[in-house]
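User: I would like to go through this model label by label. Please set each value against the definition behind it.

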Amino acid sequence: MSMPEIHEQAIVASGAKLAPGVKVGAYAVVGEEVELGEGCIVHPHATVGGPAKYGRNNVFYSFCSIGGDPQDYTFRGERTELVVGGGNIFREYVTVSRGTKKGGGVTRIGNENFFLAY
């Protein structure tokens with residue numbers, strides 16, 4: 001596979017790890033402690049946060065928000081993470097948050113899922 005392709009108007013944190021063949025579109029954001037597996041595609045305006053590990057060939061469509069803070073009033077900034085397998089599709093406006101401490105600290109997603117908003 002080829003080196004990652006990062007659009008000049010994308011924001012990729014210095015602590016992010018992008019495998020070969022990853023593509024990051026304009027205005028997309030890839031946060032700290034994000035690991036994107038081979039062949040992942042982050043479309044323009046998508047947000048992929050961490051700490052999180054994403055397997056191979058995941059696709060993040062515009063305006064999805066994946067790997068952000070838990071949507072839980074008890075969250076107080078403790079370290080939590082998201083672990084995602086391969087071949088998943090996150091369509092527009094989908095939100096997937098990291099786990100909570102009281103729930104084990106990890107959100108886990110398997111392989112070849114198709115997530116739609118609404």
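User: Which residue stands opposite G68 in β14?

Analyst: In β14, S97 is the residue opposite G68. This is a predicted model, numbered from 1 along each chain as its sequence is written, with local features needing pLDDT of at least 70 and side-chain atom pairs pLDDT 80 or more, while totals for chains, interfaces and linings use all residues. Side-chain values use heavy atoms, without hydrogens and water.

User: What makes β11 and β14 (residues 95–97) a pair?

Analyst: A strand here is a DSSP run of E of at least two residues, and pairing requires at least two bridges found by DSSP. Three bridges link β11 with β14 in the parallel sense, so the definition is met. β11 also runs parallel to β8 (residues 47–48), joined by two bridges; V48 has I66 as its partner there.

User: How do you know which strands are at the edges of the open sheet?

Analyst: The order of the six strands is β1-β4-β7-β10-β13-β16, with parallel pairing. β1 (5–6) and β16 (114–115) each pair on one side only, and these are the edge strands. β1 reaches β4 (residues 23–24) through two bridges, and E5 is partnered there by K23.

User: Why is V24 called buried?

Analyst: Buried means under 20% relative accessible area, exposed over 50%, and partly exposed in between (1.4 Å probe, protein chains only). V24 has 4%, so the label is buried. This residue of β4 is in contact (heavy atoms within 4.5 Å) with E5, I6, H7, A10, V12, L18, V30 and V42, leaving out residues up to four places away in sequence.

User: What makes the largest nonpolar core a core, and which residues have the most contacts inside it?

Analyst: The term covers buried Ala, Val, Leu, Ile, Met, Phe, Trp, Tyr and Cys joined through side-chain atoms within 4.5 Å. Here the largest such set has 25 residues, with L36, Y54, F60, I66 and F90 making the most contacts inside it. At least two residues each come from β6 (34–36), β9 (52–54) and β12 (81–84). Beyond its neighbours within four places in sequence, I66 touches residues including Y54, F60, L82 and F90.

User: Why is F63 called partly exposed, and which patch does it belong to?

Analyst: With 42% relative accessible area, F63 falls in the partly exposed range. F63 sits in the loop between β10 (59–60) and β11 (65–68). F63, Y93 and Y118 make up a nonpolar surface patch of about 460 Å² accessible area together. Patch members need over 30% relative accessible area and no salt bridge, with nonpolar side chains joined within 5 Å and like charges within 9 Å; areas are Shrake-Rupley values.

User: How do you know that E33 and R79 form a salt bridge?

Analyst: The definition asks for a side-chain nitrogen of Lys or Arg within 4 Å of a carboxyl oxygen of Asp or Glu. The N to O distance between E33 and R79 is 2.7 Å, so the pair qualifies. E33 is in the loop between β5 (29–30) and β6, and R79 in the loop between β11 and β12, so the contact ties together parts 46 residues apart in sequence. R79 is exposed at 59%, whereas E33 is partly exposed at 39%.

User: How many salt bridges are there in the whole structure?

Analyst: The search finds five. One of them joins D69 to R98 at 2.9 Å, N to O. D69 is in the loop between β11 and β12 and R98 in the loop between β14 and β15 (106–109), so parts 29 residues apart in sequence are tied together. R98 is buried at 8%, while D69 is partly exposed at 47%.

Notes: Helix = DSSP H or I, 4+ residues; strand = E, 2+ residues; numbered from the N terminus. Areas by Shrake-Rupley, 256 points an atom, 1.4 Å probe, with all protein chains shown as cover.
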